Amino acid sequence: MGMKTQYMKKHFYKNRIRSVMLWVVEIVIVLLLAALFAIFMCKSIVVQEGSMEPTLEAGNEVLINTAAYRFSSPKRGDIIAFRLGDDTSSSVHIKRIIGLPGETVLINEGQVYIDGVPYSEDDMPAMENSGVAEKTVTLGEDEYFVLGDNRNSSEDSRYSTIGMVQEDDIIGKIWFRTGPLSEIGLIRR
């Protein structure tokens, strides 16, 4: 065997080892990024109530972006997951943000008013019960007024059992449906 052949064999094995090591490093990086993504953006829960129908139905599996509000504030229209109070074992509720901190909310004849201006929403039925919002409600500096999309069958900020949602009680933003298989995808609207 010539010197050139030995050199080529040695060089071939060196390149092969380098290639395998690069491949292993790439896999480790991808796994780390996937783990970070899962930890910060992918808390999974199953919708337990029908108060968000037709957007979300009981039994839908959804992902919560728990990092969504670390660098920005919740926005009107966001669908959020929250707990009531500090008990981390309490039920997770899912509702849509309607009123933001410092605003006033009033529900008159089924219509939502924010700071005295009618709040227009597509495809939402008129509310039969205004609850506490039949009189103007002023939100505190860290409070949100939330409603379920199934307005006439939702326990939400109109009722004392839920009330105004404190910013510290918000777990994150609902952003992706993982089940059922026929409905997998980003949650729009």
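Helices here are DSSP runs of at least four residues, numbered from the N terminus. The model described is predicted. Helix 1 spans residues 3–41, and Val24 is found in this helix. Val24 has a relative accessibility of 36%. Because buried means under 20% and exposed means over 50%, Val24 counts as partly exposed. Val24 also belongs to a nonpolar patch on the surface. The other members of the patch are Val20, Trp23, Ile27, Val28, Leu31 and Leu32. Together the patch residues have about 650 Å² of accessible area. In soluble globular proteins, nonpolar side chains tend to be buried together.

Nonpolar residues also form cores. The largest nonpolar core has 13 residues. Within this core, the residues with the most contacts are Ile98, Ile107, Val112, Leu139, Phe145 and Leu147. Three strands each supply at least two of the core residues: strand 5 (104–108), strand 6 (111–114) and strand 9 (143–147). Another core lies apart from this one and has twelve residues. Its members include Leu56, Val62, Ile64 and Ile79.

Leu147 has contacts with many parts of the sequence. Neighbours within four places in sequence are left aside here. Leu147 is in contact with Ile98 and Val112, both of which are among the residues with the most contacts inside the largest core. Met52 and Met127 are also in contact with Leu147. So are the charged residues Lys95, Arg96, Asp156 and Arg158. Ser154 completes the set of contacts.

Ser51 lies in the loop between strand 1 (43–46) and strand 2 (61–65). At 4% relative accessibility, Ser51 counts as buried. Its side chain makes a polar contact of 3.5 Å with the side chain of Glu49. Residues up to four places away in sequence are again not counted in what follows. Ser51 touches Ile94 and Lys95. Ser51 also touches Gly148, Asp149, Asn150, Ser153 and Ser154. Lys95 and Ser154 are in contact with Leu147 too.

The count of salt bridges comes to eight. One of them joins the side chains of Asp149 and Arg96, at 2.8 Å from N to O. Asp149 lies in the loop between strand 9 and strand 10 (165–166), while Arg96 lies in strand 4 (residues 93–99), so the pair ties together parts that are 53 residues apart in sequence. Asp149 is buried, with a relative accessible area of 2%. Arg96 is buried as well, with a relative accessible area of 4%.

The side chains of Arg158 and Asp156 meet in another salt bridge, also 2.8 Å from N to O. Both of these residues are buried. Arg158 and Asp156 are each in contact with Leu147.

Arg177 forms a salt bridge with Glu183. The closest N and O atoms of this pair are 3.6 Å apart. Arg177 has 11% relative accessibility and counts as buried. Glu183 is partly exposed, with a relative accessible area of 33%. Elsewhere, salt bridges that share partners join Arg96, Glu121, Asp149 and Arg151 into one network.

The backbone has several features of note. Most residues other than glycine have a negative phi, and most peptide bonds are trans. A cis peptide bond joins Glu53 and Pro54, with omega about 5°. Pro54 is found in the loop between strand 1 and strand 2, where Ser51 is also found. A cis peptide bond likewise joins Gly179 and Pro180, again with omega about 5°. Pro180 is placed in the loop between strand 11 (170–179) and strand 12 (185–186).

Positive phi values occur at Glu109 and at Asp115, neither of which is a glycine. Glu109 has a phi of about 55° and is found in the loop between strand 5 and strand 6. Those two strands each supply at least two residues of the largest core. Glu109 itself is exposed, with a relative accessible area of 76%. Asp115 has a phi of about 50°. Its place is in the loop between strand 6 and strand 7 (117–118). Asp115 is partly exposed, with a relative accessible area of 44%.

Methods:
Residues numbered from 1 in each chain as written. Predicted model: local features only at pLDDT ≥ 70, side-chain atom pairs only at ≥ 80, totals over all residues. Heavy atoms only, no water. Patch = residues over 30% accessible without salt bridge, like charges linked within 9 Å, V, L, I, M, F, W, Y side chains within 5 Å. Areas by Shrake-Rupley, 256 points an atom, 1.4 Å probe, with all protein chains shown as cover. Salt bridge = Lys/Arg side-chain N within 4 Å of Asp/Glu carboxyl O. Buried < 20%, exposed > 50% of the residue type's maximum accessible area, 1.4 Å probe, protein only. Core = buried A, V, L, I, M, F, W, Y, C linked by side-chain atoms within 4.5 Å. Contact = heavy atoms within 4.5 Å. Polar contact = N/O pair within 3.5 Å; in protein donor to acceptor, adjacent residues only side chain to side chain.
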